[in-house]
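Let's take a walk through this fold, starting from the inside. Have the model open and follow along.

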Amino acid sequence: MTTWHPIDHRAAVASETAKFTAVLKGADLATPVPTCPDWTLVDLVKHTGSVQRWFSALLHARIQSPPQSREVELRLPTTTDAYPGWLDESAAVAADAFAATDPNLPMWAWGADQHARFWARRMLFETLLHRADAELALGLRPAIDRALAVDGIDEFLVNLPFATFFAPKVANLRGNGETIRFRTTDGNADWLVSLRPDGFGIDQAGATATTTADATVQATAADLLLALYGRRHHNIEAVGHEGDQDLLSRWFANSAF
């Protein structure tokens with residue numbers, strides 16, 4: 001069973017955005033981003049800020065059903081060098097939306113948690129992962145707070161079963177009770193995922209530290225988060241794995257998010 005200290009997702013969006021813009025200082029925004037093929041740093045920034053502004057619009061609207069449009073006022077800058085400042089402004093737009101919305105307000109969300117807090121948590125990990133993308137593009141090793149990484153792993157695994165409408169390969173993650181354990185090596189965070197004929201999900205009932213899994217992936221929380229998102233290959237030395245390698249290959253081939 002995994003337990004960790006609660007994260008203030010709304011505050012973390014601001015701090016992760018500040019880290020992102022700090023990484024961009026002095027960087028060539030035309031630099032390619034290998035972990036997001038065909039994107040440059042400016043594309044990465046535009047995407048992250050656009051997500052922040054779109055989610056903020058959803059929060060202000062208190063949506064109760066899937067949105068029919070993704071159109072939102074982006075106020076895009078006219079010059080490339082203005083994009084880091086625009087990203088900072090996007091975080092300010094998000095902060096205004098958070099301040100105006102009770103995180104426990106019932107809302108439609110595409111994932112498991114049907115409350116406004118879903119969008120702050122999702123926005124945080126969009127921002128954090130793309131900050132890591134920028135660092136990797138610039139030859140830097142991403143530094144990710146362990147508590148945030150643990151929360152990000154949980155957020156990914158909890159919501160992944162609902163992602164088929166934009167990640168159709170997720171529908172291939174079905175099975176006959178096969179299990180994969182994801183474990184951090186820098187603490188006791190642990191998730192047991194079961195593949196069932198009707199889909200997959202975290203096995204809350206059977207998830208104990210002594211439960212035997214068909215395959216196991218383990219790494220520091222930061223490296224495990226990056227591996228789950230495809231930013232680290234699961235076969236690198238920093239990520240340990242054992243058990244059914246075909247099962248692991250199937251997982252990583254179909255869980256792209």
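Which residues in the largest nonpolar core touch the most other members? In this predicted model, they are W119, L157, F182, W191 and W251, out of 62 residues in that core. Helix α4, spanning residues 116-137, chips in the most, with 10 residues. Another core lies apart from it and has 15 residues, with L29, L41, L87 and A137 among them. As background, nonpolar side chains in soluble globular proteins tend to be buried together.

Now for the strands. β2 (residues 190-196) and β3 (residues 199-202) run antiparallel and are joined by 4 bridges. The hairpin between β2 and β3 passes through 2 residues. V193 sits in β2, and I202 in β3 stands opposite V193. V193 also has plenty to touch: leaving out residues up to four places away in sequence, its contacts are L157, E178, T179, I180, F182, F200, G201, I202 and W251. Two C-alpha atoms to look at here are those of V193 and R181, which are separated by 6.2 Å although the residues are 12 apart along the chain.

Back to helix α4, where you'll also find R131. Setting aside residues up to four places away in sequence, R131 touches E16, K19, F20, P142, A143 and I144.

How do a few of the residues in this report compare on burial? Here are their relative accessible areas, with under 20% counting as buried.

| Residue | Relative accessible area | Class |
|---|---|---|
| R131 | 2% | buried |
| V193 | 2% | buried |
| W110 | 12% | buried |
| F166 | 37% | partly exposed |

The aromatics deserve a stop too. The structure holds 12 aromatic pairs. One of them is W110 with F166, an edge-to-face pair at 5.1 Å centre to centre, with 85° between the planes. W110 is in the loop between α3 (83-99) and α4, while F166 is in the loop between α5 (146-159) and β1 (178-184), so this pair ties together parts that are 56 residues apart in sequence.

Which aromatic cluster do W110 and F166 belong to? They join W54, F55, W108, F118, W119 and F165 in one cluster. W119 is a familiar name by now, being one of the core residues that touch the most other members. W54 has a charged visitor as well: R70 lies over the face of its ring, at 4.1 Å from the ring centre.

Conventions:
Residues are numbered from 1 along each chain as its sequence is written. This is a predicted model: local features need pLDDT of at least 70, side-chain atom pairs count only at pLDDT 80 or more; totals for chains, interfaces and linings use all residues. Side-chain values use heavy atoms; hydrogens and water are left out. Two strands pair if DSSP finds at least two bridges between them. A nonpolar core is a set of buried Ala, Val, Leu, Ile, Met, Phe, Trp, Tyr and Cys residues joined through side-chain atoms within 4.5 Å. Buried means under 20% relative accessible area, exposed over 50%, partly exposed in between (1.4 Å probe, protein chains only). Contact means heavy atoms within 4.5 Å. Rings of Phe, Tyr and Trp (its six-membered ring) pair if their centres lie within 6.5 Å; planes under 30 degrees apart count as stacked, over 60 as edge-to-face and the rest as tilted. A charge sits over a ring if NZ of Lys or CZ of Arg is within 6 Å of the ring centre and within 35 degrees of the ring normal.
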